[in-house]
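Colleague: Could you take me through one part of this model slowly, the sheet in chain A and the face that meets the neighbouring chain? I'm new to this, so please explain the terms as you go.

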Amino acid sequence: MFVTFLSDFGLRDDFVGTCHGVIKRIAPDVQIVDITHGIPARAIVQGALVLANTVPYMPQGVHLAVVDPGVGGPRRALALRDGDGRLYVGPDNGLLLPAVERAGLAEAHEIVNPEYALSPVSRTFHGRDIFAPAAAHLASGATFESLGPVVDASTLVPSPLPEPRAIDGGLATEIVYVDTFGNAKLSALTTELVDAVGPPEGRRFDVTLGDGRVHVIPWSPTFGERRQGEPLLYEDSYGRVCLGINQGSAADALGLVGGLAVTLMPEAG
Amino acid sequence: MFVTFLSDFGLRDDFVGTCHGVIKRIAPDVQIVDITHGIPARAIVQGALVLANTVPYMPQGVHLAVVDPGVGGPRRALALRDGDGRLYVGPDNGLLLPAVERAGLAEAHEIVNPEYALSPVSRTFHGRDIFAPAAAHLASGATFESLGPVVDASTLVPSPLPEPRAIDGGLATEIVYVDTFGNAKLSALTTELVDAVGPPEGRRFDVTLGDGRVHVIPWSPTFGERRQGEPLLYEDSYGRVCLGINQGSAADALGLVGGLAVTLMPEAG
Amino acid sequence: MFVTFLSDFGLRDDFVGTCHGVIKRIAPDVQIVDITHGIPARAIVQGALVLANTVPYMPQGVHLAVVDPGVGGPRRALALRDGDGRLYVGPDNGLLLPAVERAGLAEAHEIVNPEYALSPVSRTFHGRDIFAPAAAHLASGATFESLGPVVDASTLVPSPLPEPRAIDGGLATEIVYVDTFGNAKLSALTTELVDAVGPPEGRRFDVTLGDGRVHVIPWSPTFGERRQGEPLLYEDSYGRVCLGINQGSAADALGLVGGLAVTLMPEAG
């Protein structure tokens, strides 16, 4: 059985290792796959996107995700099941929903059973005390119902991913986050860009950034087709529209950051 | 069988991966749990604190820890057993002791048997050549005695953790380290603060930093009870007194670093 | 069965975790050892050195390595076998060769079989779509021949490691990279230094850096023999000549970076 694990804990502190220890004490034979712990602190929207992108590449199992700025407050702890039978454990702040909604939400429970938590439960580390133990117990065969009461799906905090909008023959979207290589991930899928402006191949776009700067940037199937230092729009490996620079950091060169509005308008011609 | 692993190796280089390889060559079926490798280089005191905090959450096994500024010098390599039967492997510089002393030191051996080391032993990477192989052999059933001679406990380098002191109705303590979120971990446990000044709940403290600056900071059970940007004293999930800021970095805002003296004095009232 | 994994993916994004998921979906029982994912982006030469250094410490298996600036271009995907029966999977850019050449290249195939790739294959993430699946299938018993056609060894992109050269009674070498502690790894093995100038023990060297600065630096078997802040030449744990500073960063103090030329000339006497 597998537990996958995504968080904003980073790897400098012991948060991730401690959760691994907790899982292994409960379920010694479970295999843990760390999707990433490099989600920036409290970045629910980036965490939600990365979880939705990566779950299809993960083995079936329990998908534990913790980006939880509301820890210690009234937000609920959730266990969700999707239409494919995958299980999800995490906070009720929208983090899990983009991943779950790919196959449809089949069942939602609140995690309240104290037998499936460490004791005492701290106020600041529910990853260790509530979420990791619940994931480990689920991976060991605990029934979904034993965790706590059913949650009405309409009461869940919704997905935080910004929806792209078609405007004036273009597409208004947003940078969700910037990756290690300095490439900016937009909230739009290539399929959404195609719906708004038609196939992007071979075209150049007026790219308007949030502060009004406009760059003319070609769509390019690969980095290798651009000269060194030249920007490009491309589809990333998860089907999402991205803004990069060949052998460089688009974020540094163009001042790109998460949350920045980006409008894509194909050049006439 | 489990080997847990804590070090100051970081994850940029191959040090951790190479130790994993060494362990798996000796003991292919052992499971390795990485507590953290983000201890700052040579920070024995932070490593000792994190090991003591986290071992109770780890499965029973061999706890390998390497923060070892004395590598290549005369410091001994140790294998320790605590009163709960947990085993520890690491350098004789105090790193292991706060974790071991929770259940009492039961047995100490020096690791000298060349059959349990790689050959040749390098001068700069005893994690790979001595400590990881010893941990793997112990996890595979090597007897404790076969590692080397018994060590007299009174000759061990003592714990490096600074002891808090009660003063004038307050508590003099110290920042041990700052975590990823910018929260400062003090050397005092909440129980020690209670002993010195009584229950902190609902009270405000004059917090004097090492350079004489004084901040008035409330004790708060959760971050969520403070406004954004407001500092708080709180108990972390390991029972330790910490200094944080709601949705911000206390280290950045208040200039906090490891080693800084901190005095906590409850306000009259 | 083991898959070891080295890349320049870093741990901030999901690239490594996604490849783990892909491997585990294909080969759930395979154990993965992460050598490092901290190779700087596109640093083929550093990746090649680290892979060659560390493979001898790894369990027998499939050695997956991805530092791949040519992704999306015409470079081939390779599966190599060395004289010891170890298997290697990665791009045809020289990355694998220094590791493979220790035991001699025994067999080379191009990976082209679409049954051993994800579908569709993205243009930017061959780690996930081609290399990780091929490694997982090999670790699960797929025959080497089934991956694709034999590659003529003379057509492989050669090793990128700079060769040290003996000059005027000294050795001209180069900094390959700087490690986490600020130590500079030179391209020369100690054995190569000995061949050029004789045993270095007890001697001092005129160390000429690329920009003409000359430092007089002693060879020292251990850091502990130097005073705090004093530079030293030493042999690292992989038999390579390095330039460090006791309890400090040689890179910061001396302005060392990868690619900088370094000439080592023993002082007369």
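Modeller: Sure, here is the sheet, then what packs on it, then the contact between chains.

A bit of housekeeping: this is a predicted model, so local features need pLDDT of at least 70 and side-chain atom pairs count only at pLDDT 80 or more, while totals for chains, interfaces and linings use all residues. Residues are numbered from 1 along each chain as its sequence is written, chains are lettered from A and ligands numbered from 1 in the order in which they are written, and side-chain values use heavy atoms, with hydrogens and water left out.

Let's start with the sheet. Chain A has an open sheet of 6 strands in the order S2-S1-S3-S5-S4-S6, with mixed pairing. The labels come from DSSP runs numbered from the N terminus: helices are H or I runs of at least four residues, and strands are E runs of at least two. Two strands pair if DSSP finds at least two bridges between them. In chain A, S2 (31-36) and S6 (105-110) stand at the edges with a single partner strand each, so one side of each has no neighbour in the sheet. From one strand to the next, the twist averages 20° (axes are lines fitted to C-alpha atoms, for helices over the stretch in contact, and angles run from 0 to 180 degrees between N-to-C directions).

Now zoom in on one edge. S4 (residues 77-82) of chain A runs antiparallel to S6(A), and 5 bridges join the two. One of the pairs to look for is A:Leu80 with its bridge partner A:Ala108 in S6(A).

Next come the helices. H2 (residues 44-54) of chain A lies across S1 (2-7), S2 and S3 (61-66) of that chain, at about 125° to S2(A). H4 (residues 126-139) of chain A also packs on the sheet, where it touches S1, S3, S4 and S5 (87-91) of chain A, and its direction makes about 170° with that of S3(A). Contact here means heavy atoms within 4.5 Å.

What does chain A do with chain C? In this contact, 31 residues of chain A meet 24 residues of chain C. The two chains bury about 2200 Å² between them, 56% of it on carbon and sulfur atoms; buried area is the accessible area (1.4 Å probe) that two parts lose on being put together, summed over both. A:Tyr57, A:Phe181 and A:Ser237 supply 26% of what chain A buries against chain C, more than any other three residues.

As for polar links, there are 0 salt bridges between chain A and chain C (that would take a side-chain nitrogen of Lys or Arg within 4 Å of a carboxyl oxygen of Asp or Glu). There are, however, 14 residue pairs in polar contact, both at pLDDT 80 or more. A polar contact is a pair of N or O atoms within 3.5 Å; within protein, one must be able to donate a hydrogen and the other to accept it, and residues adjacent in sequence count only if both atoms are side-chain atoms.

Here the sheet comes back in: S2, H2, S8 (170-178) and S12 (231-235) of chain A each supply at least two residues of the side that touches chain C. The edge strand S2(A) gives the most, with 5 residues.
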